[in-house]
Amino acid sequence: MIWHRGALFVFAAIMSVVFIADNRCAHGFDFKGLQPVQPNGVFSTFSASISERGSAALGVELEQSVDPTFYRITSSLSYSLANTLEFDATVPFSMKTNEYGFEDASIGLKTLLFEEAGLRPAIAALGVISAPSGQKEITTNGRYGGGLILSKKVGPFRTHINALYYVPFKEDLRNEIDILLGSDYPIAHNLSMLTELYLKKSHLGNSFDYFEGRIGYRFKPLDFLYTTLGVGYEFMKNTPDVRVFLNFTVVYPHKEQIYNRIYEEEQ
């Protein structure tokens, strides 16, 4: 079966369309950037985990914001080049009323530096580059950057911290800083509660100007499918944005769960 190769081909085709498409004007209140693919992430927070070599995942996220009303479809792909090296790519498509268009497409490499051991968290490095493929209202003319990812199991919680730094290609824009804290709490064998705090210094200012809290659930109805539903609330604006996220992720290859059966001998 060559599902993962097909997914890479389809995603490459989407990227090509983004670069050459003559999109209509679109409006964006923030930039999606490179996104993790479930289950190796919490909303926009990457985990240090990398799946086995040859594993692939393709995710589609539907997003709606209120005040302003805004829609976005984000396609993301991850592919494990090795047990410690992962390729990621993200293409967001934004929509508002009759205006629509692609945002900057992003690709990245995540490298696992240290496994979790004792008090030490798992540590990974992330490198990202974005192509200047979006419309002028939702683009920084591309950017590059990256940072560190830390993951640690604390009690029943799996926690992740991302510290990321980006440099826009456009000279009159300021450098960006993203600080993310995400947690994953397993409620059942196929259900987890997700929480995230997202603090950002955008390319428009010199101080942190964006702070959002998110909460939701990740459900695994099938061995190869994850569904995530969440809501976000932005705290730093006079009229905070409320956002709803619905994500579907298909993984390959999937591993069927093994159930151990215990038989009692009759006395």
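**Reading a predicted model, feature by feature**

Colleague: Let's start with a single side chain. Which side chain does Ser94 make a polar contact with?

Modeller: The side chain of Ser94 makes a polar contact with the side chain of Glu103, at 2.6 Å. Keep in mind that this is a predicted model. Ser94 sits in strand E5, which covers residues 85–96.

Colleague: And how do I read its exposure? Is Ser94 buried or exposed?

Modeller: Go by relative accessible area: under 20% is buried, over 50% is exposed, and in between is partly exposed. Ser94 comes out at 1%, so it counts as buried.

Colleague: Okay, what if I try that on Ala125? Which class does its relative accessibility put it in?

Modeller: Ala125 has 24% relative accessibility, so it counts as partly exposed. This residue lies in strand E8. Its C-alpha is 6.6 Å from that of Leu112, and the two are 13 residues apart in sequence.

Colleague: What does Ala125 touch, if I skip residues up to four places away in sequence?

Modeller: Its partners are Leu109, Lys110, Thr111, Leu113, Gly147 and Leu148.

Colleague: Let me zoom out a bit. How many helices and strands are there in the protein?

Modeller: The protein has one helix and 15 strands. Of its 267 residues, 46% count as buried. For contacts, look at how far apart the partners are along the chain: among contacts with a separation of 6 or more, 54% are between residues 24 or more positions apart.

Colleague: Now the nonpolar core. What's the general idea there?

Modeller: In soluble globular proteins, nonpolar side chains tend to be buried together. Here, the largest nonpolar core has 15 residues. Those with the most contacts inside it are Leu34, Phe46, Ala48, Leu126, Val128, Ile149 and Leu164.

Colleague: Which strands each supply at least two residues of this core?

Modeller: Those are strand E8 (122–130) and strand E10 (157–168). E8 gives the most to this core, with four residues.

Colleague: Could we follow one core residue? What is Val128 in contact with, beyond its neighbours within four places in sequence?

Modeller: One of its partners is Leu34, which is also on the list of core residues with the most contacts. The others are Ser106, Ile107, Gly108, Arg143, Tyr144, Gly145, Gly146 and Tyr166.

Colleague: Next, the empty spaces. What is the volume of the largest pocket?

Modeller: Its volume is about 810 Å³. When you read a pocket, look at what lines it. This one has 39 lining residues, and the closest to its centre are Pro39, Asn40, Ser51, Lys220 and Tyr226. Several strands give two or more residues to that lining, among them E3 (56–66), E4 (70–82), E13 (210–222) and E15 (242–252).

Colleague: How do the lining residues of that pocket divide by class?

Modeller: There are 15 nonpolar, 14 polar and 10 charged.

Colleague: And how many cavities of 30 Å³ or more does the structure hold?

Modeller: It holds three. The largest cavity has about 150 Å³ of space. It is lined by 17 residues, and those nearest its centre are Pro36, Gln38, Phe43, Glu61 and Asn247. By class, its lining has six nonpolar, nine polar and two charged residues. The strands that each supply at least two lining residues are E3, E4, E14 (225–234) and E15.

Colleague: Asn247 caught my eye. Where does Asn247 lie?

Modeller: In strand E15. Asn247 has a relative accessible area of 11%, so it is buried. Its side chain makes a polar contact with the side chain of Thr249, at 2.7 Å. Leaving aside neighbours within four places in sequence, Asn247 is in contact with Gln38, Val60, Glu61, Tyr226, Thr227 and Thr228. Take Thr228: it is 19 residues from Asn247 along the chain, yet their C-alpha atoms are separated by 4.9 Å.

Colleague: One last case: is Arg214 buried or exposed?

Modeller: Arg214 is at 5% relative accessibility, so it counts as buried. You'll find this residue in strand E13. Its side chain makes a polar contact with the side chain of Ser44 (2.9 Å), and another with the side chain of Glu212 (3.1 Å). Beyond neighbours within four places in sequence, its contacts include Phe43, Leu194, Tyr198, Val231, Arg243 and Phe245.

Technical notes. Residues numbered from 1 in each chain as written. Predicted model: local features only at pLDDT ≥ 70, side-chain atom pairs only at ≥ 80, totals over all residues. Heavy atoms only, no water. Core = buried A, V, L, I, M, F, W, Y, C linked by side-chain atoms within 4.5 Å. Buried < 20%, exposed > 50% of the residue type's maximum accessible area, 1.4 Å probe, protein only. Contact = heavy atoms within 4.5 Å. 1 Å grid on protein atoms, 1.4 Å probe; cavity = no way out; pocket = protein on both sides within 12 Å on 5 of 7 lines; lining within 4 Å. Points joined across faces, edges and corners; volume = space filled by probe spheres on them. Nonpolar A, V, L, I, M, F, W, Y, C, P; charged D, E, K, R; others polar. Polar contact = N/O pair within 3.5 Å; in protein donor to acceptor, adjacent residues only side chain to side chain.
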